[in-house]
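Student: I should like a close look at one part of this model, with the reasoning set out in full.

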Amino acid sequence: MRLLLLSDIHANLEALEACLEAAPQYDRVVNLGDVVGYNASPNEVCDRVRALGGTIVRGNHDRACSGLSTLSEFNLVAAMSARWTQNTLEPDHLEWLRNLPQGPLRQDELPGLEFVHGSPRDEDEYVLSAPTATLDFHLTGHGDIIFFGHTHLQGGFSYKEGKTSPFVPTYEGGGPFVQWKMTLAAGERYLINPGSVGQPRDNDWRAAFALYEGNGGPGDVTFFRVPYDVQQAQARVLAANLPERLATRLALGR
Ligand code: ZN
């Protein structure tokens, strides 16, 4: 089973298209949430994501932009974009977003795998540090391999005998399109973030995604970074009169 892992697309159509074009063969898409929010193509991205099908877990922006939660937890820029998104989305997409399932998701045909937006404990938790990851490994007994998003940082944590170790991809390939393959070890548990398609925050502007290949054993994960038409995505943000900061940050990757 090969899973194409997408997360935090955030209504960035250009970034999504570039990822789908660069993606190797896969059997199913797994989307870790935040389909919309921040960027300016929410309807186009919902169309595309819904057509891809597969497994999808809701994110905090999917909730806020569809009116399921208030904007009180959001900073001003995020709240402005959420309000704009809610006013721009077609009713059918709003309805679809409202009905996305809350993580953690597990599926019978994918034993040992778990899918969350924030963390297994809390769909809104940011797993940014080894101590937080350790708590998640300790307090949840389910997934051996937990795929998460929300932080917009590609990489994650491995856990063995009470010890948590962070990892980040060390890309191979000299061109603008790079990848890094990580072989998972038996007897270890993992929290794995494919990175953000539409608003990366690890100082690398390129769109991020990952491919998981299970082969009866723990399998392996390949992390990808792919250039996309960032100027076009920025132009759409500005044309929509969204805060300028949402355009500038795309080129900075933070
Ligand atoms: Zn997000």
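Does His152 count as buried or exposed?

Tutor: His152 counts as buried, because its relative accessibility is 2% (buried is under 20% relative accessible area, exposed over 50%, partly exposed in between, with a 1.4 Å probe and protein chains only). The model is predicted, with local features requiring pLDDT of at least 70 and side-chain atom pairs pLDDT 80 or more, whereas totals for chains, interfaces and linings use all residues. Residues are numbered from 1 along each chain as its sequence is written, and side-chain values use heavy atoms, without hydrogens or water.

His152 coordinates the zinc ion through NE2, together with Asp8 (OD), His10 (NE2) and Asp34 (OD), at 2.1 to 2.3 Å (donors are N, O and S atoms within 2.8 Å of the metal, or 3.2 Å for Na, K and Ca; water is absent, so sites may look incomplete). Along the chain, these donors follow the spacing D-x1-H-x23-D-x117-H. The pair His10 and His152 links distant parts of the chain, 142 residues apart. His10 lies in the loop between E1 and H1, and His152 in the loop between strand E5 (145-147) and strand E6 (155-160) (helices, H or I, are DSSP runs of at least four residues and strands, E, of at least two, numbered from the N terminus). His10 is likewise buried, with a relative accessible area of 0%.

The loop holding His10 leads to helix H1. Seven of the ten residues of H1 (residues 13-22) are buried, so this helix is largely enclosed by the rest of the structure. These buried residues are Leu13, Glu14, Ala15, Leu16, Ala18, Cys19 and Leu20. Their packing partners include strand E1 (2-6), helix H2 (42-52) and helix H7 (230-239) (contact means heavy atoms within 4.5 Å). Strands E10 (207-213) and E11 (220-226) also pack against the buried residues of H1.
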